[in-house]
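Here is a short set of exercises to work through with the structure open beside you. Try each task by yourself, then follow the solution step by step.

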Amino acid sequence: MPIIDLSLTSDLNMELSEGPLELNLGLDEGGLALSDPMRFHALQRALDHYKWPAQAEIILFRQKGPLRDLIHPKERIERLEEWQKDHPEGDEELFARDLLVHFLELLMPSFPEESQLSVILEPKGYERATFLRLAHPTHWSGLYSLKKEGSAAILLPPADDENLLSYEKIVAVAEKFSLNSYVPEENLPFFWSGIDQLYATDVISSKALRSLKGFEAAQGEVIF
């Protein structure tokens, strides 16, 4: 898969090829914070250098280490404490995720609407519950989805539940029943196609309970 170098020091001289494309946005370059407008405008100009294929598959970001490594010292000083007021159970990984997703959301309009945009997240180096919390699809603006395999899946906690214990309960169920498929409760009606059994813990919202009744009405089985 060709990698298009859009880092701050790149020459922008690579021709776009056919097939899936992967971008190197240079986000591991520590000179500018993700929240610095100069970084965004530099990348936007770099993106405008190319004529992007209308329906190309484009990987915007590939995780190469803990997301917290993307946090600039300035952001840690000026923004982390304020963010934690609204996310008392959050940590630096979730803070970095929110910074990154916001940054990518700003870049997404630079591509054709038909583009298939995505990110690749790396579970290596994370405890399973920690990764599930970090990778909750609802937080990724459609850029990332946890895999759904087989006819049985586990219902993820609501996106605003950042308590690690909630995800440890999910992992316990996954290990007990040898499951590796997850469904976000926010979009349950759109995800249950092909699923016969849904496992749910006590970390579930009243809205999701109503959706589960619909799943049962469609001949699905809910296991608490």
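**Exercise 1. Count the cavities and describe the lining of the largest cavity.**

Step 1. Start with the count: there is one cavity of 30 Å³ or more. On a 1 Å grid over the protein atoms alone, a cavity is a set of points where a 1.4 Å probe fits but cannot get out, whereas a pocket is an open set with protein on both sides within 12 Å along at least five of seven lines; lining residues have an atom within 4 Å of a point.

Step 2. Next comes the volume, which is about 40 Å³ for the largest cavity. Grid points are joined across faces, edges and corners, and a volume is the space filled by probe spheres set on the points.

Step 3. Now find the lining of the largest cavity: Pro 137, Ser 145, Leu 146, Leu 156, Tyr 182, Pro 184 and Phe 191.

Step 4. Sort these residues by class, and you get six nonpolar, one polar and no charged. Here Ala, Val, Leu, Ile, Met, Phe, Trp, Tyr, Cys and Pro count as nonpolar, Asp, Glu, Lys and Arg as charged, and the others, Gly among them, as polar.

A word on the model before you go on: it is predicted, so local features need pLDDT of at least 70 and side-chain atom pairs count only at pLDDT 80 or more, while totals for chains, interfaces and linings use all residues. Residues are numbered from 1 along each chain as its sequence is written, and side-chain values use heavy atoms, with hydrogens and water left out.

**Exercise 2. Trace how strands β1, β2, β3 and β4 pair.**

Step 1. Begin with β1 (residues 3–5), which runs parallel to β2 and is joined to β2 by three bridges. Two strands pair if DSSP finds at least two bridges between them. Helices (H or I, at least four residues) and strands (E, at least two) are DSSP runs, numbered from the N terminus.

Step 2. For a landmark in this pair, find Ile 4, which stands opposite Leu 23 in β2.

Step 3. Move on to β2 (residues 21–24) and β3 (residues 57–62), which are parallel and share two bridges. Glu 22 faces Ile 59 of β3, standing opposite that residue.

Step 4. From β3, five bridges lead to the parallel strand β4 (residues 116–120). Here Ile 58 stands opposite Leu 117 in β4.

Step 5. Finally, look for the helix that goes with β2 and β3: helix α1 (residues 37–48) makes a right-handed β-α-β unit with them. A crossover is right-handed if, with the strands pointing away from the viewer, the path from the first strand over the helix to the second runs clockwise.

**Exercise 3. Describe the largest and the second largest pocket.**

Step 1. The largest pocket has a volume of about 280 Å³. Its lining holds 18 residues, and Leu 27, Asp 28, Phe 61, Arg 62 and Lys 64 lie nearest its centre.

Step 2. Link this pocket to Exercise 2: β2 and β3 each supply at least two of the lining residues of the largest pocket. By class, that lining has nine nonpolar, four polar and five charged residues.

Step 3. The second largest pocket holds about 200 Å³ of space. Among its lining residues are Leu 121, Tyr 126, Phe 131 and Lys 147.

Step 4. Helix α5 (residues 128–134) gives the largest share of this second lining, three residues. The classes here are eight nonpolar, one polar and two charged.

**Exercise 4. Find two residues with positive phi and say how exposed they are.**

Step 1. Most residues other than glycine have a negative phi.

Step 2. Ser 141 is not a glycine, yet has a positive phi of about 55 degrees. Look for Ser 141 in the loop between α5 and β5 (152–156).

Step 3. Ser 141 counts as partly exposed because its relative accessibility is 31%. Buried means under 20% relative accessible area, exposed over 50%, and partly exposed in between (1.4 Å probe, protein chains only).

Step 4. Gln 219 has a positive phi too, near 75 degrees, and lies in the loop between α8 (206–217) and β8 (221–223). With a relative accessibility of 71%, Gln 219 counts as exposed.
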